[in-house]
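Let's zoom in on one spot in this model and work outward from there.

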Amino acid sequence: MENESAIAALAALAQSTRLDSFRLLVRHEPNGLPAGEIARLVGVPQNTMSSHLAILSRAGLVRSERHSRSVHYRADLGALGTLTLFLLKDCCGGNATLCAPIVAELSPCC
């Protein structure tokens, strides 16, 4: 991952509605949610949510699929994993024992 991609992803998540939406989509993997349902659950108007989802999509954090008249969104867990690995790449100066608690915390979810 390049610095620019990581910056774009982190910038997209650096806004509370987008962060809440992304976390919601992660919880609803692998099925995802329709855009209107995301807006309802997060508590924002649909047109506002559309803008937020577009930003997350451009950052590569979510993917969309058209189902008839609605658009379903899913978190891109591969992109999340890539970002996480990018951030932890040189963790603890290569001392694996210092990184063990982080890895252990991540392991149950995956």
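Q: Could you take a close look at His 52: is it buried or exposed, and what is its relative accessible area?

A: Quick ground rules: this is a predicted model, so local features need pLDDT of at least 70 and side-chain atom pairs count only at pLDDT 80 or more, while totals for chains, interfaces and linings use all residues. Numbering runs from 1 along each chain as its sequence is written, and side-chain values use heavy atoms, with hydrogens and water left out.

His 52 counts as buried because its relative accessible area is 10%. The cut-offs are under 20% for buried and over 50% for exposed, with partly exposed in between, using a 1.4 Å probe and protein chains only. Across the protein, buried residues make up 27% of the 110 residues.

Where does it sit? His 52 is in helix 4, which covers 46–58. Helices here are DSSP runs of H or I with at least four residues, strands are E runs of at least two, and both are numbered from the N terminus. Leaving out residues up to four places away in sequence, His 52 touches Gln 15, Thr 17 and Arg 18; a contact means heavy atoms within 4.5 Å. His 52 and Ser 21 are 31 residues apart in sequence, yet their C-alpha atoms are 8.5 Å apart.

Thr 17 and Ser 21 turn up again where helix 2 meets helix 3: the contact joins Thr 17, Asp 20, Ser 21, Leu 24 and Leu 25 of helix 2 to Ile 38, Leu 41 and Val 42 of helix 3. By class, that contact has 5 nonpolar, 2 polar and 1 charged residues. Here Ala, Val, Leu, Ile, Met, Phe, Trp, Tyr, Cys and Pro count as nonpolar, Asp, Glu, Lys and Arg as charged, and the others, Gly among them, as polar.

Now step along to the next residue, Leu 53. Leu 53 touches Leu 25, Ala 35, Ile 38, Val 62 and Tyr 73, again skipping residues up to four places away in sequence. In soluble globular proteins, nonpolar side chains tend to be buried together. In this model, the largest nonpolar core has 20 residues, and Leu 53 is among those with the most contacts inside it, along with Phe 22, Leu 25, Ile 38, Leu 56 and Leu 61. Such a core is a set of buried Ala, Val, Leu, Ile, Met, Phe, Trp, Tyr and Cys residues joined through side-chain atoms within 4.5 Å. Helix 4 supplies at least two residues of this core, and so does each of helix 1 (3–13), helix 2 (16–27), helix 3 (35–42) and strand 3 (70–75). The largest share, 4 residues, comes from helix 1.

For a contrast with His 52, try Ser 68: it's exposed, at 68% relative accessible area, in the loop between strand 2 (62–67) and strand 3. Ser 68 also has a positive phi of about 60 degrees although it is not a glycine.

To zoom back out, the protein has 6 helices and 3 strands, in the order α-α-β-α-α-β-β-α-α along the sequence.
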